[in-house]
Amino acid sequence: MTKKKLVVLTGAGISAESGLKTFRDTDGLWEGHNVYEVATPRGFAANPTMVLDFYNMRRKDVAAARPNAAHIGLAELERDFDVTIITQNIDDLHERGGSSNIMHLHGQIFEMRSVQNEETIYEITGDIHVGDVDEQGHQLRPNIVWFEEAVPMIEIAAQVAAMADIFVVVGTSLQVYPAAGLLNYAPAAVPKFIIDKKIPYTSSIHNLTVIEKGAGEGVQELKELLQAYK
Ligand code: APR
């Protein structure tokens, strides 16, 4: 029997229970930082040391974090469903939680590239400093999609969303486009679930089940509800 396609869009809220800060909650990352200073090409040009330090810190936080019940629960759904995770997160907790099919819309903290070349990507586990360059002498930067930059994966992600038999959203405020728009690509007839400890506003979405819980508990409830859709 072919498995149904389960597409899951995740955001920072899924990693909150692993100890990683979200962006827009109270005490979130954007409360302590000016997003234009640390997460735009302009900000990087103006103060590269500060921006690299910000992401060096994020990389250390991610390395120290462990996947939580929500990451692991989504991986376990692969037993019954053909699962694709579309994550806005730059952490690798879905990978370490056991999911096998993951798209990183906003890049990955353990990757870097030069400021000139988006194509050649290097792995990085330590820090990046001003003066660290590629073979052509261009400064290296995290391979992360900043504000004011294109989201190269969005078209393929929209195609994946349009093919979904079931669509799930976990732990995102749905404030950042184009990622937030993916929910609208899932066909109207498709069952949709949204898990968040504080459900974000969505315009009218058909067939939407709301699970207003933390990610770990919410994914557990989702797994029970999905038994009926196998
Ligand atoms: N369980 C479930 N949801 C949670 C939890 C939790 N334990 N803690 C917080 N949340 C929810 C919040 O209620 C909120 O809806 O997670 C969401 C986090 O929203 P944001 O901080 O806006 O994060 P996200 O939606 O992933 O941000 C999108 O913005 O700055 C950019 O590129 C960055 O990918 C990021 C994008």
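Let's start where the two domains of this protein meet: the interface of domain 1 and domain 2 has zero salt bridges, a salt bridge being a side-chain nitrogen of Lys or Arg within 4 Å of a carboxyl oxygen of Asp or Glu. The model is predicted, so local features need pLDDT of at least 70 and side-chain atom pairs count only at pLDDT 80 or more, while totals for chains, interfaces and linings use all residues. Residues are numbered from 1 along each chain as its sequence is written, and side-chain values use heavy atoms, with hydrogens and water left out.

**The two domains**

- Domain 1 covers 1–20 + 67–106 + 150–230, and domain 2 covers 21–64 + 109–144; the bounds come from an automatic or database domain assignment.
- Their C-alpha centres, those of domain 1 and domain 2, are 25 Å apart.
- To the contact (heavy atoms within 4.5 Å), domain 1 brings 13 residues and domain 2 brings twelve residues.

**Where the domains touch**

- About 990 Å² is buried between domain 1 and domain 2, and carbon and sulfur atoms give 65% of it; buried area is the accessible area (1.4 Å probe) that two parts lose on being put together, summed over both.
- On the domain 1 side, Ala 12, Leu 20 and Ile 90 lose the most area to domain 2, together 50% of what that side buries.

**The ligand and its shell**

- The ligand has 23 residues around it (a heavy atom within 4 Å), and the closest are Arg 24, Trp 30, Thr 172, Ser 173 and Asp 196.
- Both domain 1 and domain 2 give residues to this shell, so the ligand lies between them.
- By class, the shell holds seven nonpolar, nine polar and seven charged residues; Ala, Val, Leu, Ile, Met, Phe, Trp, Tyr, Cys and Pro count as nonpolar, Asp, Glu, Lys and Arg as charged, and the others, Gly among them, as polar.

**Atoms close to the ligand's oxygens**

- From an oxygen atom of the ligand, a polar side-chain atom of Arg 24 is 2.7 Å away.
- For Trp 30, a side-chain N or O atom is 2.8 Å from a ligand oxygen atom.
- A polar side-chain atom of Asp 196 sits 2.6 Å from an oxygen atom of the ligand.

Note on methods
A polar contact is a pair of N or O atoms within 3.5 Å; within protein, one must be able to donate a hydrogen and the other to accept it, and residues adjacent in sequence count only if both atoms are side-chain atoms.
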